[in-house]
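Q: Could you take me on a close look at one part of this model, the place where the two chains touch? I would also like to hear how the domains of one chain meet each other.

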Protein chains: 2
Amino acid sequence: MNQRSNRQVRLAARPVGLPKPTDWSFVDEPVRALADGEVLVKVLYLSLDPAMRGWMNDARSYIRPVAIDEVMRAGGVGIVVESKSPRFKEGDHVVGSLNVQHFAVLPEKALTKVDPRLAPLPVYLSVLGMPGMTAYFGLLEVGQPVAGNTVVVSGAAGAVGTVVGQIAKIKGCRVVGIAGGAEKCAYVVKELGFDAAIDYKAEDVKKALRTHCPEGIDVYFDNVGGDILEAALANLARKARIVVCGAISQYNATEAVKGPSNYLSLLVNRARMEGMVVFDYADRYAEAAREMAGWMAQGKLKSKEDIVQGFDTFPERLLMLFKGENTGKLVLQV
Amino acid sequence: MNQRSNRQVRLAARPVGLPKPTDWSFVDEPVRALADGEVLVKVLYLSLDPAMRGWMNDARSYIRPVAIDEVMRAGGVGIVVESKSPRFKEGDHVVGSLNVQHFAVLPEKALTKVDPRLAPLPVYLSVLGMPGMTAYFGLLEVGQPVAGNTVVVSGAAGAVGTVVGQIAKIKGCRVVGIAGGAEKCAYVVKELGFDAAIDYKAEDVKKALRTHCPEGIDVYFDNVGGDILEAALANLARKARIVVCGAISQYNATEAVKGPSNYLSLLVNRARMEGMVVFDYADRYAEAAREMAGWMAQGKLKSKEDIVQGFDTFPERLLMLFKGENTGKLVLQV
């Protein structure tokens, strides 16, 4: 029997609005013995994502909700400390749904090996992880940008937005980011090469989009929903594509989600709005990771992680996403 | 100089909500002399369409608004009574944007000849006119139904809906119509062969869709918007396509249009919502008309017109559309 103690964050209650401290419980329990084909992973970094808020609701979605008293779901990167699988050995680094805990026992098929010499471990939760895959497939497969197109991305300084904008630049598009605050706006323009940025906290987004996209928006990659989605709808070019990736402005809504009142802009502009879930592209992750790693090696694609420390700070750190406090991929170092 | 008097309905004021009698003016003026290349058409039938309400608003759309004091725009079918074009001769029957008046003077390129021996004249405003084209291209090009799919259409007993449902049946789909009242529902099932119909005035549409579409909706052809759009979004199948053709429930709204609060169903279901404007397919109208005329000849596609009489009744007749009083294509016989 394994004598290691496994500290976990479990979902104690379904949140109403922003998750409160009492919606979580901290539990310590011994790590159980491994069965054949299982692997014990020490969690090193956890991915904090807006989508986690949705997993806490008891609602039909693209993935089952986290149950009450279940360990909170989270992607993570860790190191194998014990293995009953021929595919993994002690010292291997792996990514997978490790969840918010110190140790994860998982079947071998739930893990993917990563190489820390090719990229720092947090990058496997960022550009080479779910946010990068989401940006890559959402933009290229659903958004279908063409060189010369105007691409607008909201949540531009976030984990997905930073990658969307950079890939759009690589593809020859004009890129306008929408982010909160002068610092984030400066970051995406000066560090990441976006053509312009709009500070939604200081500017009228609808007007600013009209200024920065005089010929209309060809691709709008939406991470936020709400008023910013409406501002984008008001500025579409003919045959525009809206990628519905997320709606962070609505995830903690305690009233009904605000639907876009000007959705008939889709009709006027013969435009389309399409949802995407990254898991649908799982069989192509490797292909995307290879291409993005190549862009990173060429200096065309920067990975930006916002690494915060301390397992027990998980409940507060998660809220940073909804307060817009992170720049780049928010990662919790365990 | 032409001594014929031309009675016209002009837009007197921009309506707020449902158009009022005072939003129109009746004007009689002499028909002007023809220039070279022009044709004088006596208007026989006028097409009354929900889209006309949108043309009355001073808003950017897919077509310029009708100006104040301008003759109201309307499609129509008529007979040539004088021609200075080698392409048309007296007695020819034509369709075009004849507008709400007794006589139209138009350049030859604005008119298309039709053959009254192949189909009764009102059919050229119905299945073989804009509503038919809208149904054909909206369903087939944007909705992309596949045999076995579940297709739902709102405004099912209307000019577009009746054709959408019948084409979907021809393509081997299961078809559920949404209409107002038992009579319309019976009509689309018994006369047009829909598999089921939901009476939105008597039933909970969301629940009824769940019953009639147990595997979800693959294609939703939306003519109405509002609550019915939300009910459809709540019942989408994976990879569903929503064709945004119209939103008759919202055209007379005096408050902000109601956006679909559950639009994130697009994300969960990887679905898409796409607008269409029939004019984009103008170069393929002839092709579509040929195919639909073939279906009509084979008895697979029925054309249904609701013909009302009397030019001066135009203002009230138009309101029939917004009160759901017509079954099939509403046509005003001049």
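A: Happy to. Two residues are taken to be in contact if their C-beta atoms, placed from the backbone, lie within 7 Å. Please keep in mind that this is a predicted model. On that basis, 26 residues of chain A are in contact with 26 residues of chain B. Two elements of chain A, α7 (265–268) and β13 (272–275), each supply at least two residues of the side that touches chain B. The largest share comes from β13(A), with four residues. By class, the side of chain A that touches chain B holds 15 nonpolar, six polar and five charged residues.

Let's stay with β13(A) for a moment. Its partner across the interface is strand β13 (residues 272–275) of chain B; three bridges join the two strands, which run antiparallel. Within this pairing, Met273(A) has Met273(B) as its bridge partner.

Now to the meeting of domains inside chain A. The chain is divided into domain 1 (5–125 + 305–333) and domain 2 (130–279), and their C-alpha centres lie 28 Å apart. Domain 1 of chain A brings 17 residues to the contact, and domain 2 of chain A brings 15 residues. On the domain 1 side, α1 (51–55) and β15 (329–333) of chain A are the elements that give two or more residues, and α1(A) gives the most, with three residues. That side of domain 1 of chain A, where domain 2 of chain A is touched, has seven nonpolar, eight polar and two charged residues.

Methods. Residues numbered from 1 in each chain as written. Chains lettered and ligands numbered in written order. Predicted model: local features only at pLDDT ≥ 70, side-chain atom pairs only at ≥ 80, totals over all residues. Domains from an automatic or database assignment. Nonpolar A, V, L, I, M, F, W, Y, C, P; charged D, E, K, R; others polar. Pairing = 2+ DSSP bridges.
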